[in-house]
Amino acid sequence: QVQVAESGGGLVQAGESLKLFCTVSGQTFDDTFITWFRQVPGKEREAVGCINRDGGATYYADSVKGRFTISKDNAKNTMTLQMTKLKAADAAVYYCAAGRLGDGARWKWRVAAHYGAWGQGTQVTVSS
C-alpha cells in the first residue's frame, strides 16, 4: 500500500520561491499519479499539479502554470513541487496524495476522491 509524506513548507515573501517534497513509499503502478492539493480554511481542496510514476506526464492547474514545476527523483522516491513567484493567494496547507487514475488521468487528476493515500499536509505562508 502506498504512503506519502510532505515536507518543506514555511514562510516566504511574495515573489519568492519555495520547494515542497513528497516522499513516496510502498507499491506504485504505471497508472499511479502523485498529486499536490492545497486547501485554505472554508474552501474545498484544490488540485495544484501532478506527475505520474515514470515522470512522463504532468498536469497543472491554470492558476499555477508557468510558476510551479513538478519533478521526480526516482532514486529517492521523492516528488518535488518547485514554487516560484509566490503570491498571497498561494498560501494554504499543501497535501500530497497518491492514487491510481487509470484511463482519463488528464481529467481525473483534479478529483480528490480518486486518491487513497494522503499526507498530513504542510503549511505554506506567503507574506505580502
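These are legends for close-up views of a predicted model.

**View 1. Glu 6, a buried acid without a salt bridge.**
Glu 6 sits in strand β1, which covers residues 3-7. What is the nearest side chain of opposite charge, and how far away is it? That would be Arg 45, 7.5 Å away. A salt bridge needs a side-chain nitrogen of Lys or Arg within 4 Å of a carboxyl oxygen, so a pair at that distance doesn't make the cut. What the Glu 6 side chain does reach is backbone: the nitrogen of Gln 120 is 3.0 Å away. The backbone nitrogen of Gly 121 also shows up, 2.9 Å from a polar atom of the Glu 6 side chain. Setting aside neighbours within four places in sequence, the contacts of Glu 6 include Phe 21, Trp 36, Tyr 94, Tyr 95 and Cys 96. Gly 119, Gln 120, Gly 121 and Thr 122 are also in contact with Glu 6.

**View 2. Phe 37 and Trp 118, a tilted ring pair.**
The structure holds six aromatic pairs, and this view picks out the one between Phe 37 and Trp 118. Their ring centres are 4.9 Å apart, with 50° between the planes. Along the chain these two are 81 residues apart: Phe 37 belongs to strand β4 (residues 32-39), Trp 118 to strand β10 (residues 117-118). Is Phe 37 buried or exposed? Phe 37 is buried, because its relative accessible area is 0%. Trp 118 comes out at 26%, so Trp 118 counts as partly exposed.

**View 3. Tyr 115 and Trp 118, edge-to-face.**
Trp 118 turns up again here, now paired with Tyr 115. The centres are 6.2 Å apart and the planes make an angle of 70°. Tyr 115 has 5% relative accessibility and therefore counts as buried. Which residues make up the wider ring cluster? Ring pairs join Phe 37, Tyr 95, Tyr 115 and Trp 118.

**View 4. Arg 100, with a ring and an acid as partners.**
Arg 100 lies over the face of Phe 29, 3.9 Å from the ring centre. Arg 100 also meets Asp 31 in a salt bridge, with N to O at 2.8 Å. This bridge is one of six in the structure. The Asp 31 and Arg 100 pair links distant parts of the chain, 69 residues apart. Asp 31 is in the loop between β3 (18-25) and β4, and Arg 100 is in strand β9 (residues 92-100). Arg 100 counts as partly exposed because its relative accessible area is 49%. For another arginine placed over a ring, look at Arg 106: it lies over the face of Trp 107, 5.7 Å from the ring centre.

**View 5. Asp 90, bridged to two arginines.**
One bridge goes to Arg 38, at 2.9 Å from N to O. Asp 90 is in the loop between β8 (78-83) and β9, while Arg 38 is in strand β4, 52 residues apart. Asp 90 and Arg 38 are both buried. The bridge from Asp 90 to Arg 67 has an N to O distance of 2.7 Å. Arg 67 lies in the loop between β6 (58-60) and β7 (68-73), so this pair ties together parts that are 23 residues apart in sequence. Arg 67 is buried too, as is Asp 90. Which residues does the whole network join? Shared partners connect Arg 38, Glu 46, Arg 67 and Asp 90.

**View 6. Ala 91 beside Thr 125.**
Ala 91 is in the loop between β8 and β9. Ala 91 and Thr 125 are 34 residues apart in sequence, yet their C-alpha atoms are 4.8 Å apart in space. Neighbours within four places aside, Ala 91 is in contact with Val 40, Val 124, Thr 125 and Val 126.

**View 7. Val 24 in strand β3.**
Val 24 counts as buried because its relative accessibility is 13%. Ile 34 is 10 residues from Val 24 in sequence, and the C-alpha to C-alpha distance is 8.6 Å. Which residues does Val 24 contact, neighbours within four places left out? The contacts are Val 2, Gln 3, Val 4, Ile 34 and Asn 77.

Key: Residues are numbered from 1 along each chain as its sequence is written. This is a predicted model: local features need pLDDT of at least 70, side-chain atom pairs count only at pLDDT 80 or more; totals for chains, interfaces and linings use all residues. Side-chain values use heavy atoms; hydrogens and water are left out. Helices (H or I, at least four residues) and strands (E, at least two) are DSSP runs, numbered from the N terminus. Buried means under 20% relative accessible area, exposed over 50%, partly exposed in between (1.4 Å probe, protein chains only). Lys and Arg count as positive and Asp and Glu as negative; His and the chain ends are not counted. A polar contact is a pair of N or O atoms within 3.5 Å; within protein, one must be able to donate a hydrogen and the other to accept it, and residues adjacent in sequence count only if both atoms are side-chain atoms. Contact means heavy atoms within 4.5 Å. Rings of Phe, Tyr and Trp (its six-membered ring) pair if their centres lie within 6.5 Å; planes under 30 degrees apart count as stacked, over 60 as edge-to-face and the rest as tilted. A charge sits over a ring if NZ of Lys or CZ of Arg is within 6 Å of the ring centre and within 35 degrees of the ring normal.
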